[in-house]
Amino acid sequence: MAIVKVWVEEGCTVCNECESSAPEVFHVTDETSVIKGEAREDGNTDENEEAKSPLKGDIGVELEEEIIEAAEGCPVDIIKYEEA
Ligand code: SF4
């Protein structure tokens, strides 16, 4: 299994849990968590809710556990992902 895409929906409480779990993928700004451009095929840094850009290279394989941990640890359940 691998995670193909990950995104953040509205309602982030900027608690920082996701960045602690997977700092290669998530960055928490003053307003919301975003998916880092370095981790995405489109290179953009934002919530990835609209673009749903795939993860780059092997990130979705190598960091699968960390991304799932981030999603499960999110207190407001707004981290979503697609697996293949
Ligand atoms: S874990 Fe959830 S609420 Fe906390 S910073 Fe990440 S996306 Fe926002």
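Colleague: Asp77 has its place in the loop between α3 and β4 (79–83), where helices (H or I, at least four residues) and strands (E, at least two) are DSSP runs numbered from the N terminus. Why is Asp77 called exposed?

Modeller: This is a predicted model, in which local features need pLDDT of at least 70 and side-chain atom pairs count only at pLDDT 80 or more, whereas totals for chains, interfaces and linings use all residues. Residues are numbered from 1 along each chain as its sequence is written. A residue is buried if 20 or more other C-beta atoms, placed from the backbone, lie within 10 Å of its own, exposed if 12 or fewer, and partly exposed in between. Asp77 has 11 C-beta neighbours inside 10 Å, and therefore counts as exposed. The C-alpha atoms of Asp77 and Asp30, which are 47 residues apart along the chain, are separated by 19 Å.

Colleague: What makes Glu31 exposed?

Modeller: Glu31 lies in the loop between β2 (26–28) and β3, and has 8 other C-beta atoms within 10 Å, so the residue satisfies the exposed cut-off. Between the C-alpha atoms of Glu31 and Val6, 25 residues apart along the chain, there is a separation of 18 Å.

Colleague: Why does Ser33 count as buried?

Modeller: Ser33, which belongs to strand β3, has 24 C-beta neighbours inside 10 Å, a count that meets the buried cut-off, and so the residue is classed as buried. Taking two residues to be in contact if their C-beta atoms, placed from the backbone, lie within 7 Å, and setting aside residues up to four places away in sequence, Ser33 touches Val8, Cys12, Cys18, Glu19, Phe26 and Val28. For Glu19, which is 14 residues from Ser33 in sequence, the C-alpha to C-alpha distance is 8.0 Å.

Colleague: Which residues around the ligand are the closest?

Modeller: Ser33 is one of them, together with Cys12, Cys15, Cys18 and Cys74, in a shell of 15 residues; a residue is near a molecule if its C-beta atom, placed from the backbone, lies within 6 Å of it. That shell divides into 11 nonpolar, 3 polar and 1 charged residues, where Ala, Val, Leu, Ile, Met, Phe, Trp, Tyr, Cys and Pro count as nonpolar, Asp, Glu, Lys and Arg as charged, and the others, Gly among them, as polar.

Colleague: What makes up the largest nonpolar core?

Modeller: A nonpolar core is a set of buried Ala, Val, Leu, Ile, Met, Phe, Trp, Tyr and Cys residues joined through C-beta atoms within 7 Å, and the largest such set has 19 residues, with Val6, Ala22, Val25, Ile35, Ile67 and Ala70 making the most contacts inside it. The elements giving two or more residues to this core are β1 (3–8), β3 (33–35) and α3 (64–73), and β1 gives the most, with 4 residues. Leaving aside neighbours within four places in sequence, Val25 is in contact with Val6, Ile35, Lys36, Ala39, Ile59, Leu63 and Ile67.

Colleague: Why is Ile68 called partly exposed?

Modeller: Ile68 is in helix α3, and its 18 C-beta neighbours inside 10 Å fall between the exposed and buried limits, so partly exposed is the class that applies. The C-alpha atoms of Ile68 and Ala22, 46 residues apart along the chain, are 9.3 Å from each other.

Colleague: Asn48 and Lys52 both have positive phi. Are they buried or exposed, or partly exposed?

Modeller: Asn48, with phi near 65 degrees, is in the loop between β3 and α2 (59–62) and is buried, because 23 other C-beta atoms lie within 10 Å. Lys52, with phi near 50 degrees, is found in the loop between β3 and α2 and is partly exposed, because 15 other C-beta atoms lie within 10 Å.

Colleague: How do you know that the protein is as compact as a globular protein of that length?

Modeller: The protein has 3 helices and 4 strands, in the sequence pattern β-α-β-β-α-α-β. Its radius of gyration is 11 Å, close to the 12 Å that the globule rule gives for 84 residues, so the protein is as compact as a globular protein of that length; the radius is taken over C-alpha atoms, and the rule is 2.2 Å times the number of residues to the power 0.38. Along the principal axes, the C-alpha atoms fill a box of roughly 30 × 25 × 20 Å. Buried residues make up 30% of the 84 residues, and among contacts between residues at least 6 apart in sequence, 60% join residues at least 24 apart.
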